[in-house]
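Please look over the structure shown below before reading on. The briefing then takes up its nonpolar core, one helix and one pair of strands.

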Amino acid sequence: MGCYDDGSFNAELENGVNSIISCEEEGKRAAIEDAVKVLLLGLGEDINREGIRKTPFRVAKALLEGTRGYKQKVKDIVEDALFPEVGLDDGVGHAGGVGGLVIVRDLDLFSYCESCLLPFQIKCHVGYVPSGQRVLGLSKLSRVSEVFAKRLQEPQRMGDEVCAALHQEIKPAGVAIVLQCKHIHFPDVESVFDDSNHQPWFKMLVSSGTGVFENKNADEWTDFYSLVNFRGIKVEKVHAKGSSDPSWCPSQSPLSAKVSSKVGSISPVMITAVASIIKSLGEDPSRDELVGTPSRFVRWLMNFQTSNFDTKLNNFLLGGTDSLNTNGESNEEE
Ligand SMILES: [Zn+2]
């Protein structure tokens, strides 16, 4: 009976829990595993080496989990969690907030950068002003934000998409979101470690709003920021909907192009493998923003081949990352 009988599908997770995964999901996972093997071979790795044998499986599992938002519908999350605000006069809601504003702050999320496929961290603050006495369970604001984080993303688009989706489902007076995003520098790997002035994170602060939050200068935004209570936030530096910015991803900076030229030629087979991964995740690799993504990701991978990166990366990941500052180009809250 289909994919569960042939023994090729081992859904046993590392903690020993069996997971029921659909045949479609298994097909995608197998395709990603094959593509990851191509990338490892391209880096000169022995894919049968003990420490690396299960890596393609783990990478495929992590990528599918990290992009499961493509399969989720906001409507399914919201529809059973909308309820009428009780104990209030008609048309005036407080919903536990101030002046009608309801906020959930400091949601820790991560997403994958659509320009280079590296993960980036997100601190998410989201809120809305109810209308028609419709309120949504607070946990659902988090769930809906996560649906859009778990896709290949760009900060401003993610903010816009969360706002639009919540506005459509709740039909509130307005929705507001602020995202604090951190992306590792790319692919100028050496300078991250060797240059003490070079900061390892590229930061961006974005906002988006609908309804009463459509106007960036509306009083509702003042209420929102006072409730979110950022320390030292520079509101004027928040990147708002409609601002022009070609890409926040450092893989597209002039510096990265300069460093990338040292990498040499990039294998077309590896680029094709990455494009197939993007397709397996449920995306269209020919979408404008994704066209150059496979080659940028492979360029980043090639840095692993040409330096003693492992030791440095371990030191980097074990070191403190809390006191990081931004470079001059990014939008910044600290
Ligand atoms: Zn990126």
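The points below are grouped by topic.

This is a predicted model, in which local features need pLDDT of at least 70 and side-chain atom pairs count only at pLDDT 80 or more, while totals for chains, interfaces and linings use all residues. Residues are numbered from 1 along each chain as its sequence is written.

**Nonpolar core**
- The largest nonpolar core (buried Ala, Val, Leu, Ile, Met, Phe, Trp, Tyr and Cys residues joined through C-beta atoms within 7 Å) has 66 residues, and V144, V162, L166, I177, L179, V274 and I277 have the most contacts inside it.
- Helix α9, residues 268-280, gives the most to this core, with seven residues.
- At least three residues of this core come from each of domain 1 (23-66 + 265-309) and domain 2 (72-257), with bounds taken from an automatic or database domain assignment.

**Helix α9**
- The 13 residues of α9 reach 18 Å from first C-alpha to last, close to the 18 Å expected at 1.5 Å a residue, where the expected span is 1.5 Å times one less than the number of residues.
- Buried residues of α9 (20 or more other C-beta atoms within 10 Å of the residue's own, C-beta atoms being placed from the backbone) are M270, I271, A273, V274, A275, I277, I278 and S280.
- Just after α9, G282 takes a positive phi of about 105°.

**Strands β6 and β7**
- Strand β7 (residues 201-209) is largely enclosed by the rest of the structure, because eight of its nine residues are buried.
- Strand β6 (residues 174-184) pairs with β7 in the antiparallel sense over nine bridges, pairing requiring at least two DSSP bridges between strands.
- Q180 has L205 of β7 as its bridge partner.

Notes: Buried ≥ 20, exposed ≤ 12 C-beta atoms within 10 Å, placed from the backbone. Helix = DSSP H or I, 4+ residues; strand = E, 2+ residues; numbered from the N terminus.
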